[in-house]
Structures are given as C-alpha cells and as structure tokens.
Amino acid sequence: MASILWALLLFLVQLPALATSRAHDDESTAIILPSWQNGTDCCLWDGVRWDASSGLVTVLDLNGHGLYSNGLDPSLFSLESLQHLDLSGNSLGDYSYNVYQHQKFDRFTSLTHLNLSNSGLVGQIPIGISKLISLVSLDISSRYDGQTTGDGNLNNVWVHNFQTLVANLSNLRELYLDEIQIMSSSGEEWGKVLAKSVPHLQVLSLRGCGLNGHLHHSFASLLSLVSIDLGYNDIPAGPVPEFFANFLNLSVLQLSDMNLEGWFPQRFFRLRNLRVLDLSSNPNLSGHLPNFSCAGSLETLRLEGTNFSYVKASYSSNVELLRELTLDGKFLSVEFLSSFGVLWSLCQLKVALMDSQKKLGSILSWIGDMRNLTSLELCKCEFSWTVPSSIANLKVLRSLKLFDCNLPRPILSEIGNLVDLQNLEISGMDDCKLHGSLTSSIGNLTNLRSLRMVNCEACGSMPDAIGYLRKLQRLEISSCEFTGAIPSAIGNLSNLKTMVISARQFSGQIPYSIGQLKELTWLTIQDARISGRMPSSVVNLTRLVQLEVSYTYLSGEIPAFLFALPALRFLSLDQNQLSGPIEEFDAAASCLVSVGLSHNGFTGQFPKSFFRLASLSSLRIDWNNFAGSVDLSSFWKLRKLTALDLSHNNLSVMVQEGNYSPSTSLPGLTETCVLQYNQISYLFYLNLSHNLFIGMQLTSYVLPFNRRLEVLDLSSNRLQGQIPMPQLSAEYLDYSHNNFSSVLPNFTIYLTKTNYLRMFNNSINGHIPNSICNSSWLDVLDLSYNNFSGPIPSCLIDNARLSILSLRKNHFEGTLPSNITTECTLQTIDLHGNKIEGQLQRALSNCIYLEVLDIGNNILLDIFPSWLSGLPNLHVLILRSNEFYGSIDDLVGYRPSAEYFPSLQIIDLASNNFSGNLSSEWFGQLKLMMVKFNSTGDTVLAQNVETYTGYYQDSTEISYKGSYMPFGRIMTTLTVIDISNNRLEGHIPESVGRLVSLRVLNMSHNAFTGKIPAILGGMAALESLDLSCNQLSGEIPQELTNLTFLSILNLSDNQLVGKIPQSHQLSTFEKSSFQGNLGLCGPPLSNPCGVSPSPSEAHAEKSSHVDVILFLFVGLGFGIGFAAAILMRCGWIG
C-alpha cells in the first residue's frame, strides 16, 4: 500500500490543481486536492477506488479536476493494478518529448477503461495503448462543447497506423477518436480493420478524423453496433450506406457533413431503437420528414442543411419522446407547426430561418408554448420584423444562442428579461448586428454562467451593468465592435473562471479591478487597443493558469511577479510595446511551462531565472533587443524544453558556465554534453537566427539530437566553417546569411525527411552530389549566392518533387536536362548567374505550376522561348545577359488559340542578340499589364510552399530606376519590361500605351526609329522610362507630362528635336535625361530654343558617345560588402 500511496503522490505532485493552495512546509510538499494529503488513507481520496481483497488501487478517476502537467508523469505507470483510468477534462500537455512513455501504457495489463478525452494531449497516440488487450472502452477524443475556451483542453494527437492501434483490441466495445487525425484514413482500410479486429464493437465515434474513401462493405458485419458517429469526414459523395439499417440495435446514427446524396431510405425511421438521427449539412440528401407514428422512439432529429421536405399526410402527433429538433426555416409554415401541435417533451430546438423572416413572429409564438424548452438556437433571424414582446414568452429558457441575427436595441433589452438564462451566445459569420450598445438590461441575467459574443457588429460600449452577473463563470468577447474601455465593474464577477477579450475597438487600460477575480484561471486579452502597464493587482490571481495579453499596446516593464504566480503555466505577452530589462524572479515558486515574449522591445541581459524553470517546455523571446552574453548550454539543462526561439536579438554567448566573458560561439551542442546530460533529447524547435554568433564549438558536425527536429534555424549570424547537420533529419533547415565554407561530404544522408533547406548567401564550395535526389521530402532547395560548381544534378529538374529550386550566383556549368515530364512540380527555377550553356529545353513547358523562371547571366544560345507562353502561372521571365537571338515576335502566332503569358508581370530580355521589328501585337498580348492595380499589391508567393516563417517568397534582381538592384519580395504591382541592349529596330508600337499598370519600361540601346508614341502619356503607373541610345526622332510628346509617378526618365542619345516640355513632371529632370539630342532645346539644357549649338558643343556631343556610370549598392546579408554595377550609356555618332 505504501508504494501505491507514493506513486499517487508522485503523480499528483506534478499536477497542481486549479484549486491548489501551495503550502510549502519543511518537505516542500504540494497539497494537490483537498483530500489528497500525506498521512491519510489514500482509499478515501477523491477519484481513487481500490480492491478490498488485494488492497490495490483499481480506479483512478480525475475527470474534470482541472489538473495541469507537461506530459504524463512516469509515476502514473507504477499503478499497474488499474482497471479504470480517467484523466479527461484536464490539461496533460505534450508527452511526445519522452518517447518511452509510448511504451509504458502496456504495463496496465488489467485496464478495461481508458479515457483521455479533452486532456490537452499533444503527439502521436502512444503505441503502448495498442497492447491493452483487456480494453473494453477507449476514449482519446476532442469534443468542443461550447464551454471549452480555445483549445487548451482539446487533444492534438494523431494515429499513424490505425490497424496497429486496434489490431489487438478484440475485446473493445467502445471506441471514441473524435477529431483525432487518422493518417491511414481510406474507407477501404479502416472499414476492413474494424470488421476484422473489433468484431463486437458497439460504439464507434470517428467524428472529424479526416477519413476518406468509400466505406468498405465488410463494415456491414459489425452487427453489434449501437452508436455510429462518422460526421465531418471527407467521404466521397454517395448515398447513405443502407446496410446501417440492418443494425437492429442501432440507437444513434450521426452522419452530418459527409457529402451524402440521393434519397434517404424511410426504413431507418422504422428502427425501433433509433433515438438520435443527425443528417445535417448534407445539402444533396433528400427525403421526407418521418411519420412519427413509425418513428416514435426518436429523441433527437437534426435535418438542417439538407434537401428534406414534408408532406402533410406524413404527420402524426406521436412525438412524445422528441427532446431535440433541428430544422431549416423552410419547414416552418403555419400548417407544419399546427401538425406538430405542442411538443411538450422538446428541450432543445435549433432553427435556421434563412429566407423565412416574415414567419419569425408565429414561430416564436409556437416556441413560447413549449413549457419544457430550455435550449433555443436561432440562425439567420431578422428580428426587425418582430415585436420585442415575442421574446417575452421564452422565459423558461436556460440557453439561448443567436447566430447571424439582426438584433435591434429593443430586442436586446427584451433578452435581458429572460432572467433564468444560464448560457447566452450571440455570434455570427456575416450578419450579426446589435444596432447599438449592449443594453444595461444584461444586468438582469443574474443566473448567467456563460456569456459569449463573437463577430458582432455595432456593439457600442460595454455597460457597467455587466458587473451584476456575479454567477458568471465564462466570458468571451471575440472580434466584436465594442468601443471604449473595459469597465472596472468587471471586477465584481467573483465567480469568473475564464475571460477572453479580443476586440480591436476596446481601448484604455486593463482595469485594476481585474485583480479581484480570485477564481480566474484563464485570462486572454488580445488584438485590442489596450494600453498602459500591466496592473499590479494581477498578483492576486493565484489560481491563474493561462495569461495571454498579446497584439495590444501594453507598455512599460514586465512585473517580475508574473513569472512567479503559483498556478501559472502559460504566459504569452507577444506583440506588445513592453520594454526595459526583465528582472530576476523567484523561479522555484514557478510552474511555467510556456513563455512567449516575442515582438516587444525588451533590452538588457537575458534573465538567468529562466534557466531554473524546471517545467519549461517552450520559450520564445524573438524580435526583441536583448543583448550581452547568455550561457546557451544552460538551456540544455531544462530537461523538458521542446521549443526555443532566441532569434532577432543581439545575443552573444558565454564560453562556458561560470565564465561570464562574452563570446559569440555556440557551446553546448557537443556530443559529449548530450551523452553526459541527455540535455537536448526533447527539443524539436530551435531558432537562433539573427544574432551575433560567429563560431560553433563542436566535436562533431553531426548534431546528436535524440529527437527529430522540426526546425533548426541558424540563419543571419556570422557562423563559419562546416555546416552542422542534425543526425535525425530535420524538416526545416536554414543556414543562410552566414560565412559557412563547406558541407559534410555525405550531407545528403541527413536530409531524408527534410522539407526545406536553405544555405543562401554563404561561401560554400564543392559539388552537389546526385544523392540529393534521394531526399524525397525536399520541397525547397535554396543554395544561391555560394561557390558551388560542377554540373547541376539533372534529377533536381527532370524528376524531382521540388517546388523551389534556387541556385543563383554560383559556378554551376553544363546544360539543362531535357527529360522534364508532366509531373513537374516546380514553381520557381532560379539559375541566374552561373555558366549554364546550350538551349533552353522545350520540356520546361511541362512545368505548369512555374511562377518564376530566371536563367539570366548564363551562356544559353537559343531563340525566344515562345513555347513557355502557355504557362498559366508564370509571373517572372528573366533571360538577360545570355546569347538568345532572332525575333521576339514569335510570341505572336505560336499558340494562336490560347492566351500568351497570361500572368506575366516581369519580362527581362536585356543584353542578348534579339533583332528585327516589334509588331503592334507584341505588347498587346501581355494582358496582365493592362489591368489597373492598387498602390500596394500582394507578394508573389509560392502558394503551395508554406514554411514555418510563412509562404516562400521569391526574389530577383532587375534594372530599376537606373540601377541593377535586388528585390527581396516580388509584388504583384512590380511590372517590368526590359528589352534593352539588343538589336531591335523599327518603330515603337503604339500598343505599348495599353499597358496601364507597367512600372518600368526599358527599351534603351537598340535601333528603334520614328517618334515617341504620344500614347505613352496614358501609362499613369510608369515610374521609370528609358528610351536612350536609339535613333528616335521628332519632338518629345507633350503627353509625357501626365506621368506624375515618373522618377526616372532617360531620352538621351537619340535624334529628338524641339523644345523640351516644361510642365508637371518633365520639368523636374536634369539635363542628363535629354543630352545627346542635338535638336533639343530649352531647360534643363544650356542651349536656348532658336539658337543653333556652337561647333564646339556639337563636337563635344558627338565625340563623347560612351559614358561609364558606376552604381554602388549594398549587398545582401553579412560578408558581401558592396557590389558594383557598370551601366553603359551610348551616344549615336552623327
């Protein structure tokens, strides 16, 4: 008995209850539950039952005790005699950091009932559960009941192999896995597995499990089924499986939102034991409402969102057992209501009125006669059609939910008279309008336990009368248009346990009276205009488990007492304006599991107190101004640490513990440390990017993490030498913007599960081995701005599953692969600035997802790639500085029946050997540039490539506003045509003026003749226009003065004549924009109109026909310094 008692104490000491008073006696024992005290009989403890003959504990039932833990404590598995284990309704957290706990469940050899539902578990379902052969009931589900705030108690677990889970559970009678992701989820598989492994199953609940595929016919053999819930799964469209009607004991059938279609068989209504039937949200499912003389056992009927209809003759008054009814408004005619009569047994009613607004009055009158109705939900109701007194008949209600309703102020006042209400929810997606402030009559609802308002418009200020709701336990106000301050009267809600406020218009400070809410366990204030400091009264919230104040204007220093609140587990103060240093605090008194302080202005040294938070699992302090040294190896002593983000600070590190001289190397990642202390076994997220680290003290460049990392980000430091790789392949690896010089010779063997690999902007030498293509999970590969050489492995393009391939600015050579198939998934190919030669392969047209193709600055020799014109998503085409030749008019006529480059916004053909005339149709085919954009635009993103930092963003370099410059983000409004430095000739087509969204047009250094088209003056978005070094003649069109956004203009070195227009934008340019045109006169040139230039000036203009202009621009990241771009300006020799 003593060992059992000790095991229970060990287990419970890890789970401080919400009601805990932490009493620190000589032995520092935490009293967990009132009856759980050392020295008392454990068989009298709450939730504990034991077998009298053996003296062993057989039942541990802690359902809904509000316990908190960071995973399942190992001492739990010492209770091997358990037959019934219920930990539901608690918050047990992430157990996945300890893989051994997956196996320990098999110690419960006598366990028949296991309930871990709504227990906040995170990770894969422990494999040990599959070995509990005595198990009769298994519940690991997540169920949102409207009282759970956020997902604090919802499970986030998954099943990789459903067959493995249930294969040995032949005694199972009840299986609840709602909202658990089942990876192997096809109907063919899980249907057969259930029929084979659990043939006597009686209750099956797989709601929202991601199931797909048709239900296998073997499912029909489960004749013992009494309850089935398969709702909210992605089953292919089809009829209701009629064999369900063969389950004669069936009492619950829930098939909502399953793509059901066809006619619902009436034989289901004749099942004598059927009590619950839910067919809702299947819009293509038809049928007739049942004849209740045949369906007299029904207690719950949900038919909203279906295509059911009713026939008058179908009805009977035999509905004595019906307790819950959900219908669309289309059913609710006066005739329909009268056929039902008064539903005396009805307790819950949900009505979606939709287009039945004028019937609301009669419906409310009918509802008012139901004296036992305690719960009412009305959707899409237009209460402006209704007199307020119609609400008065609903006084027996205990729960009222109004979804997407229009609620005039008189209706709101009348709701305040429903004094027996315990639950009130007013929410919406589209049309929830309050038409004025929440009236003071809300204070009449003194029995209210829960008030929830979500997505409501025109709410006005929150009345002080809310302070009268002294029985309120849960208050949620999210995305509502409340204005003004949070009233101080909120401090009167003495029984409040959960408060969530997320409303942008709330302003002012957090009221000091909030410290009076002594029962509060969950406090969230986010996305509001709350300002000022954190009130000191928060120190009184000794039961507070979760505190989140984020996306507000909270300022000042963070009070140290927050970290030591006795029950606080989760602290999030992200995205505020907090500043100053963080003081050291009493870590020994803290239970903190997760701390988030990102995106603030904290400064000073990193507090050493964080290293003493023994339960800490997640720490995020990114995007602050922490500086100085930090002992990084001390983090590895936090045995439960799973996520660490120190990025975007100015941190250096100590060389070793106890030595406070700052360094910028990364100690503590050595194999010796890991083997000695097992320090980083649980870590799965490590982000040290954007700091000042310069070196890594490593005994091996294979990092010995014992758990597969999801993220390792070392980018934007000053790290040198060889790139270290985790021994277990990480999903996301970013080493960009450092000074690394090499990779491991066999580095590709550490990429088997890697999805994202970025080594951008280092100094890495060497070849890419063909084994890179064995990394079948790789989606993003960015090795740009390095010194890689040799051929590009052909498999990266012709048969890889990559979405992003960026190898720009290296020394790759050879030719492009030609065996590109229609399975190409590439969205970005960036090979700019290498030594690729040969032709541009026609098979690239198979890459239908391609958005960016940049092969500029290579040695490609080919004609214009008209075969790419049919790519529907191609935004960027850069061919500059190659040896392309011939006409570019092949754009017209290559695909006569299709659109040409329908999404193209940047086309750069500069510095090639293109020749010939441009037809009038050439510009006219670029349809996207003819559409007017707003002034901001969106970023061109690889839409299917989502990373831990958001969607992957392409970058490019183009000649823009006179300089060849990089663009880190390609905006949809950045529209560019650059055909400079070729041998194009003829007139400039008038059709160019139709490109009204064009920002940059560069046609310089060609042989264009004729006049500048006046229609260019209609290109209102144009910011840069370069027509220099051609043979253009005539006058400068007056219409160019309309280009009010024009900041770069170069018309130099042509044969233009006449007076330079002086109005508007053209009067702001210097003479360099016009020189080299002997016939031009007037400001800013020195020669006045009517006076011929002197021979010396003419000679000077003709002789200096080549100028070299040097542009300097800052390079990207550390270690590049400056790059120089030399632009040639040529004058024509007369």
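Analyst: A pocket here is an open set of points on a 1 Å grid over the protein atoms alone, with protein on both sides within 12 Å along at least five of seven lines; lining residues have an atom within 4 Å of a point. The model is predicted, so to speak: local features need pLDDT of at least 70, side-chain atom pairs count only at pLDDT 80 or more, and totals for chains, interfaces and linings use all residues. Residues are numbered from 1 along each chain as its sequence is written, and side-chain values use heavy atoms, without hydrogens or water.

User: What volume does the largest pocket have?
Analyst: Volume is the space filled by probe spheres set on the points, which are joined across faces, edges and corners. For the largest pocket, that comes to about 1300 Å³.

User: Which residues lie closest to the centre of the largest pocket?
Analyst: The lining of this pocket has 37 residues. The ones closest to the centre are Y144, R207, R302, E377 and K401.

User: Which strands each supply at least two residues of the lining of the largest pocket?
Analyst: Strands are DSSP runs of E, at least two residues each, numbered from the N terminus. On that numbering, the suppliers are strand 14 (276–278), strand 18 (324–328), strand 19 (348–352), strand 20 (375–379), strand 21 (399–403) and strand 22 (423–427).

User: How many charged residues does the lining of the largest pocket have?
Analyst: Asp, Glu, Lys and Arg count as charged; Ala, Val, Leu, Ile, Met, Phe, Trp, Tyr, Cys and Pro as nonpolar; and the others, Gly among them, as polar. The lining of the largest pocket has 11 nonpolar and 11 polar residues, and its charged residues number 15.

User: What about enclosed space: how many cavities of 30 Å³ or more are there?
Analyst: A cavity is a set of grid points where a 1.4 Å probe fits but cannot get out. At 30 Å³ or more, the number of cavities in the structure is four.

User: Which class of residue lines the second largest cavity?
Analyst: This cavity holds about 50 Å³ of space. Its lining is I797, L816, P817, I820, I829, L831, L844, L853 and I855. Counted by class, no polar and no charged residues turn up there, and the nine are nonpolar.

User: Which strands are the edges of the open sheet with the order 5-7-9?
Analyst: Two strands pair if DSSP finds at least two bridges between them. This sheet has three strands with parallel pairing, and an edge strand pairs on one side only. That description fits strand 5 (122–124) and strand 9 (181–182).

User: Which residue in strand 7 is the bridge partner of G123?
Analyst: Strand 5 and strand 7 (residues 156–159) run parallel and are joined by three bridges. Within strand 7, G123 has as its partner V157.

User: Why is one side of strand 52 and of strand 60 left without a neighbour in the sheet?
Analyst: Their open sheet has five strands, paired in parallel in the order 52-54-56-58-60. Strand 52 (765–766) and strand 60 (859–860) stand at its edges, so one side of each stays without a neighbour because each has a single partner strand.

User: Which residue of strand 56 does P791 stand opposite?
Analyst: Strand 54 (residues 787–791) runs parallel to strand 56 (residues 811–815), with three bridges joining them. Opposite P791 in strand 56 stands E813.

User: And in strand 17, what is the bridge partner of N282?
Analyst: Strand 15 (residues 282–288) is joined by three bridges to strand 13 (residues 261–263), and the two run parallel; there, W263 stands opposite S286. Strand 15 also pairs with strand 17 (residues 306–309) in the parallel sense, over four bridges. In strand 17, the partner of N282 is T306.
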